Amino acid sequence: MGGLYIHVPFCRKKCRYCDFYSVTDDSAIPAYIKALKREMQIREWDAGPFDTVFFGGGTPSVLPPGRVAEILERASLIFGIAPDAEVTLEANPGTVSQNDLEAFQQAGVNRISLGVQSLDDQTLQFLGRIHSAFEARLALDWAMEAGFDSVGCDLIYGVPGQTRESWTKDLEDVLAYGPDHLSCYILTIEESTPLGRALERGEFSPMDEGRVGELFLHTSDFLESKGFLHYEISNFARGREKACRHNLHYWNHAPYLGLGPAAHSFLEIGRQWNVSDLEIYLAMVNAGRMPMEESEILTEEQHMLEWLYTGLRQAKGIDAGEFLRRFDKAFLDIFGPDWKRLQDEGLARESSQSFALTKKGMLFSDGVCQLLANRLE
Ligand code: SF4
């Protein structure tokens, strides 16, 4: 089975670091929901049934819980959703009340992912979040009590001014609530964002790469010492069963269908992505057209690249047998000399069954994949 991704393109206010597609005027929510249901009909035969559903954004928690229930019901009718499906909704602590969280749970959401980012007010202000640390703490409390099967938390580190001590305190404070899953992302500053422009004006200095690297290794060691499994570069779970099944679909090449503006799909026929503009999306769907911006059919080389980038993100790495079955070539026959070099540098490790990066290697995973990708040219 595969996954269904639903992009909810509304946010109360844009965060300073964000380059995801979303709009701040939520008056189009009713039109968006109508179009989403229509898009399901248009794509009825393209995918499904699903065993994971993920409401991502944007800020899915701006949707009324009743509308989330409607969307799930419609998706279930059209595509089929497994009875034990993982249903995740991303929630911003600045947009939810205790009642909302309980209502999302009753609507069929069984996994909530809270965009806490930090429990330090100064950091939250720097990031331009709409909520305070106090509101994030309240949301954490409510989420833990609402009856979800799993509560996850997104955090950001590598923020200017942050120290190892202040970041560790953030982690400790969040862990005190007992979440099942943590996604810890390194702050990336894109040129096109308000933060990128502030950097260009010299308003702050980014944390230097060496210190960010130290924080990455510290985060991994610290969370492992608290019983978390570091199963993907940025992701930690209290045991394998609490890992995000939807994201595992992405990294393990399962098919997924993306609905809504800017959503991406990966299906047997190839990769497709929707237009990143709400108005154009609404116009196309209302005219009965697929709101697709582009699609591509992957070559064998592109599939192999995909395996490198997604497999080496994960602690389990690339399974040697699966690679051989999929590509009819042994991993070491293609990447042998480079892999040996990476092992000598302490960036890669190998067992009889798999090829994976060390923690240090994960820190440089893009560069490592680029090096291996050169073999395919
Ligand atoms: S809430 Fe999320 S999607 Fe919206 S602007 Fe902030 S980071 Fe971006």
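**Exercise 1. Which residues are buried in H1, and against which elements do the buried residues of H1 pack?**

Solution. The model is a predicted one, and the helix in question, H1, covers residues 29-42. As a first step, check its geometry: at 1.5 Å a residue its 14 residues should span 20 Å, and the end C-alpha atoms are 20 Å apart, which agrees. Next, list the buried positions of H1, which are Ile-29, Tyr-32, Ile-33, Ala-35, Leu-36, Lys-37, Glu-39 and Met-40. In reading such a list, recall that an α-helix has 3.6 residues a turn, so residues three or four places apart point the same way. Finally, look for the partners: the buried residues of H1 pack against the strands E1 (2-8), E9 (256-259) and E11 (270-274), and also against the helices H2 (65-78) and H10 (278-286).

**Exercise 2. Determine how the radius of gyration of the protein chain relates to the globule rule.**

Solution. Begin with the elements, of which the protein chain has 15 helices and 15 strands. The radius of gyration is 21 Å, close to the 21 Å that the globule rule gives for 377 residues, so the chain is as compact as a globular protein of that length. Along its principal axes, the C-alpha trace spans about 55 × 50 × 45 Å. Then turn to the interior, where buried residues make up 55% of the 377 residues. Among contacts with a separation of 6 or more, 68% are accounted for by residues 24 or more positions apart.

**Exercise 3. Locate Thr-193 and state which residues it touches, not counting those up to four places away in sequence.**

Solution. Thr-193 is placed in the loop between strand E6 (181-186) and helix H7 (194-200). Its relative accessibility is 1%, and because the cut-off for a buried residue is under 20%, Thr-193 counts as buried. With the sequence neighbours set aside, Thr-193 touches Arg-16, Tyr-17, Cys-18 and Asp-19.

**Exercise 4. Describe the backbone at Pro-49, Gly-58, Ala-262 and Asp-328.**

Solution. Most residues other than glycine have a negative phi, and most peptide bonds are trans. Against that background, the bond from Gly-48 to Pro-49 is cis, with omega near -5°, and Pro-49 sits in the loop between H1 and strand E2 (50-57). The bond from Gly-57 to Gly-58 is likewise cis, with omega near 20°, and Gly-58 belongs to the loop between E2 and H2. Ala-262, in the loop between E9 and strand E10 (264-267), has a positive phi of about 70° and is buried, with a relative accessible area of 18%. Asp-328, in the loop between helix H12 (320-327) and helix H13 (331-344), has a positive phi of about 60° but is exposed, with a relative accessible area of 69%.

How values were computed
Residues numbered from 1 in each chain as written. Predicted model: local features only at pLDDT ≥ 70, side-chain atom pairs only at ≥ 80, totals over all residues. Heavy atoms only, no water. Helix = DSSP H or I, 4+ residues; strand = E, 2+ residues; numbered from the N terminus. Rg over C-alpha atoms; globule rule 2.2 N^0.38 Å. Buried < 20%, exposed > 50% of the residue type's maximum accessible area, 1.4 Å probe, protein only. Contact = heavy atoms within 4.5 Å. Expected span 1.5 Å × (residues − 1).
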